[in-house]
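Student: I should like to go through this model term by term, setting each value against its definition. May we begin once the structure is displayed?

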Amino acid sequence: MNRKDGHLKVTGAALYATDHQREGQAYACAAHSEIASGELLAVDATATLALPGVLTVLHALDAPKLFRCPESLNVGERRPPFEDNRIYYAGQILALVVAESFEVARHGAQLLELKYKEDEQVSLDFERDLREGKIEQTDASSRGQAAEAFDRGHARIDATYETPVGIHCAMELHGAVAWWEEERLVVEDSTQWVVGQSKALANTFGLPESDVEVRSRFVGGGFGGKLFLWSPSILAAEASRVVGRPVQFSLDRRGQFTSAGHRPRTRQRLRLAADEDGHLVSLRHEAVNQTSQVDQYEESCPDVSASLYQCPNVSISQGVVRSHVGTPTPMRGPGETPGLWALESALDELAVELKIDPLELRLRNVAQRDEAKDLPWSINLHERCLREAAARFGWSQRNPEVGSMREGSEVIGWGIASTSWAAMRSSATVTVDLLQSGKARISCATQDIGTGTYTVFAQMVKELTGLPFDSIEVRIGNSRLPTGPISGGSMVTATVVPAIAEATEKAIDALLDLAVAEDGPFAGSDKKSLRMVGGKLCSRSGGASRSIGEVLESKRLSFVSGKGEASPGEEQERYSFRSFGAHCAEVRWDAGLGRLRVSRVTSVIDSGRIINLDTASNQVYGAIVMGVGMALLEESVYDKRTGRPVTDNLADYLVPVMTDCPEIDLSLLNVPDPHIGKLGARGIGEVGLTGVAPAIGNAVYHATGKRIRTLPIRMEDLMG
Amino acid sequence: MKPFHYERASTVEEACSMSTESEESCFLAGGTTLIDLLKLNVMRPAKVVDVRNVDMDTVDLLEDGGILIGANVRNSDLAWHQKVRRDYQALSEALLSGASPQLRNMATVAGNVMQRARCPYFRDNYSPCNKRSPGSGCAALGGYARSHAVLGTSEHCIATHPSDMCVALAAFEAKVRVEGLAGTRDIPFSDFHLLPGDRPDREHAIDPGELITGVVLPPNVEGASSVYLKSRDRASYEFALASAAVSFALVEGRIAAARIALGGVATKPWRAFEAENCLEGNEPSSELYEEAAALAMEGAITQPDNAYKVPLARGLIVRALAIARERVEAQV
């Protein structure tokens, strides 16, 4: 089976947001703040406006008012662009030049003269802010007596871990083409949530929701960065309103590093204590993340620590520090990904302290129930994942002595870590139409962010109707379709698949009603005696079959419809849902060359039933490679003096390239979740990433004896 | 990007005279540096003279056994040239370690010789930078300087010369052939790139209106073998954090014609002359390699972020010398 979007994408026929060209389209380019804190005093646009082809200049001192979105609606940055003349971070968009061509718009933006008043008080130094205690506590919970139990522990770990600012680095930039049809706004956008994007734009411009249409047929990578509304879509729409023409606006690559969200920097203190047998007796996880001046974004690192392992005495807390940086946003596996870096590294340290194999230590602490929610697991195959990953990897051959495994000039290290992701469901409405042409059409306002949503949806309808895969049209990526979920939190499959099943069954049932009705091809038959096989209706006892078209023709109808609705039910109160897994990693360190590489990763993951092994595996392979980047390469560096990003392009912010990809051995258990919904699918987007970095960090320790607690792990950390 | 006049030359003379007509002109070849810097508004020439149609894209064998590499020869073509692969292995390895296949298919030899700094403060177009805006200061000093130079720096600039190819050319004692309206001259490679000193904006010993037409490589020393080693965080598509090109021959068991050049650690392609002298005439041994490596990095001035480059480069030199020896011995 080919991907629905495969041919379109490899031939370039798939049009992404800013590929769209409208009649009379104009182009916009932004000017960003060079300072991190202060006020915009003046904008001199004389030279810009003198350029032939420049249509207008919008800026914070002279812009129509845009509205904020209510707190109940998630957006990227609560403050709309140009709200006032305050500057909260370097890279903040202060002006927009609209012109006949992109080149003229960019030249015009470069010619703008912005005059600032820079504040003397600037918060750019996370470490200093932490030292000075500028932490706002946002969340805390506990069970048992963690502090007392820690003191009584046989083995104890008290260590602090850090993760840097991470950038989503989607290939496709944040950008949009927007135009107005009378009072109605239409946006060709790149978003992980067409429904949310249209609601947010409606609020921003003060329009009824029905007057905003957001389209996003293809998304060139999101990773969380396109979950919520960011300024490019707003500014394209605003510029279009001002010039009365369609406007294309996209951030440039540098803008992605300041103005479209990032995974925030975190510092996490872990205190673990275990008894002589390696059972956890106390776990404390205190995390702080950096957030912006304008939004309080929490990276909920410690949540996973409260339930992944069994432990009677647990205390977790979360805080934020406000800095002059842009607003953070979820990035693949938000919370869990940095959280497990800390927890799974600390567990490795505890295993060393206890002289217990790190695999064995995890097996001894597998959680029998979710102690944080005080609920039984829907299903928990954590232990099986750990055992199978270790077996496939060859863990039993591991010599626990540090630096003991060598090959030529390389020293080899093996590490293990658990992975986990809370399995969530949301709501969806789906319609399935069976058409006179003999085809089927499925409609839902969700979107395919490159992960195979088109394909999985068509596959579901194919399985239930027997229609050929190519006869099934999937209509998604438009906010006007029946309301579907956000492509985030690994929810789409788990949420929509049950609704598709229901809609398809109802459509077939409606077709059966027509078939047995007067004048129908099976008039007088009992509905129950008929079934759909190979896209046609036939009697269970054999005989002639009738196509969808023939049945509809009998009533002169063009199509028949079924509607399915699914939302989380009472099962959420009875069970806790989580996906579990285990990663084993092999690293090779050549001290003479300063070369650290990940050569091998084995992952075994349980995320319920796998609907499509190809698209599911594809997501996990990508996640593992992303984990390699997180462990060894990725860091958005800011200049401490100015707050400007220094590594603001894809040559200096390093993501893995093909030659960095380890050999990956992946096993998806494919055991249906008994309680999550009709088909037992839980989603796979994040669980492949969480836990990869600590598996690599633990392998680095095994190779070198160096415990690196701050990511990314770099050659200079291991030298000398 | 500031609009500029674009002209296309078909001969060297035409290129030189087009270029002298405007004070702020520059030549366009592969464009892999220039186009980037134009878009970032860091370079703002009034005129761009396209020299891609000028006939200088062959590798010619010279009578003395050396080669003349045409200025427009693509990096990938040069890397896979038979003679280069055989006699100048470090050059081939250096080229193939640089950039990506797509960039190597575009980038030319002369363009690579003229490659500009990758310092983020040079490219951001607003930080103080003496290279971009003389007299404005150096933001890399006291800033994020993990990739910056430790050799050949000044208090005005610590930007690393980013080229891999140039490191090998330095080791092979290449000459840069430039032609202008006043005639042709060959500039020894170690004189071509200038140290930043108090004028980091002046990067080359080339005069306005002069065009690089080729690079001359002298014949390789009989029996010599060479190697290029590069260290970086990711396995491909990253500038060197440190690199070493070494070459030597063995005469009666002793090192002859030793050459060591370094990349990623210096403000220009860096010849380690003292380290070469230390090797010359001695029997190869790990101790000797260590001694040479230490000499090569003597006098390094480090920043808080880049002190690791000193042990890193030493390690690379030692490893490169060991590999070169294996290759020399494998020849016999």
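Student: How much area do chain B and chain A bury between them, and what makes it buried area?

Tutor: Chain B and chain A bury about 3000 Å² between them, 52% of it on carbon and sulfur atoms. Buried area is the accessible area (1.4 Å probe) that two parts lose on being put together, summed over both, so the value belongs to the two chains jointly. B:Tyr126, B:Arg234 and B:Arg319 supply 24% of the area that chain B buries against chain A, more than any other three residues. The model is predicted: local features need pLDDT of at least 70 and side-chain atom pairs count only at pLDDT 80 or more, whereas totals for chains, interfaces and linings use all residues. Residues are numbered from 1 along each chain as its sequence is written, chains are lettered from A and ligands numbered from 1 in the order in which they are written, and side-chain values use heavy atoms, with hydrogens and water left out.

Student: How many residues does each chain bring to the contact?

Tutor: Chain B gives 35 residues and chain A gives 32 residues, contact meaning heavy atoms within 4.5 Å.

Student: Why is the pair A:Glu716 and B:Arg146 called a salt bridge?

Tutor: The rule asks for a side-chain nitrogen of Lys or Arg within 4 Å of a carboxyl oxygen of Asp or Glu. The closest N and O atoms of A:Glu716 and B:Arg146 are 2.5 Å apart, so the pair satisfies the rule. B:Arg118 and A:Asp652 also form a salt bridge, at 3.3 Å from N to O. This pair crosses between chains, from the loop between α7 (109-113) and α8 of chain B to the loop between α16 (613-632) and β27 (663-668) of chain A. The count between chain B and chain A is three salt bridges, and over all chains it comes to 80.

Student: How many residue pairs are in polar contact across the interface?

Tutor: The rule finds 19 such pairs between chain B and chain A, both residues at pLDDT 80 or more. A polar contact is a pair of N or O atoms within 3.5 Å; within protein, one must be able to donate a hydrogen and the other to accept it, and residues adjacent in sequence count only if both atoms are side-chain atoms.

Student: What makes β1 and β2 of chain B edge strands?

Tutor: In the open sheet of three strands, the order is β1-β3-β2 (chain B), with parallel pairing. β1 (5-8) and β2 (25-28) of chain B each have a single partner strand, so one side of each is left without a neighbour in the sheet. Strands here are DSSP runs (E, at least two residues), helices likewise (H or I, at least four), numbered from the N terminus.

Student: How do you know that β2(B) and β3(B) pair?

Tutor: Two strands pair if DSSP finds at least two bridges between them. β2(B) and β3 (residues 47-50) of chain B have four bridges, in the parallel sense, so they meet the criterion. B:Leu28 has B:Asp50 in β3(B) as its bridge partner. Helix α1 (residues 12-20) of chain B packs on this sheet, touching β1, β2 and β3 of chain B, and its direction makes about 180° with that of β3(B). Axes are lines fitted to C-alpha atoms, for helices over the stretch in contact, and angles run from 0 to 180 degrees between N-to-C directions.
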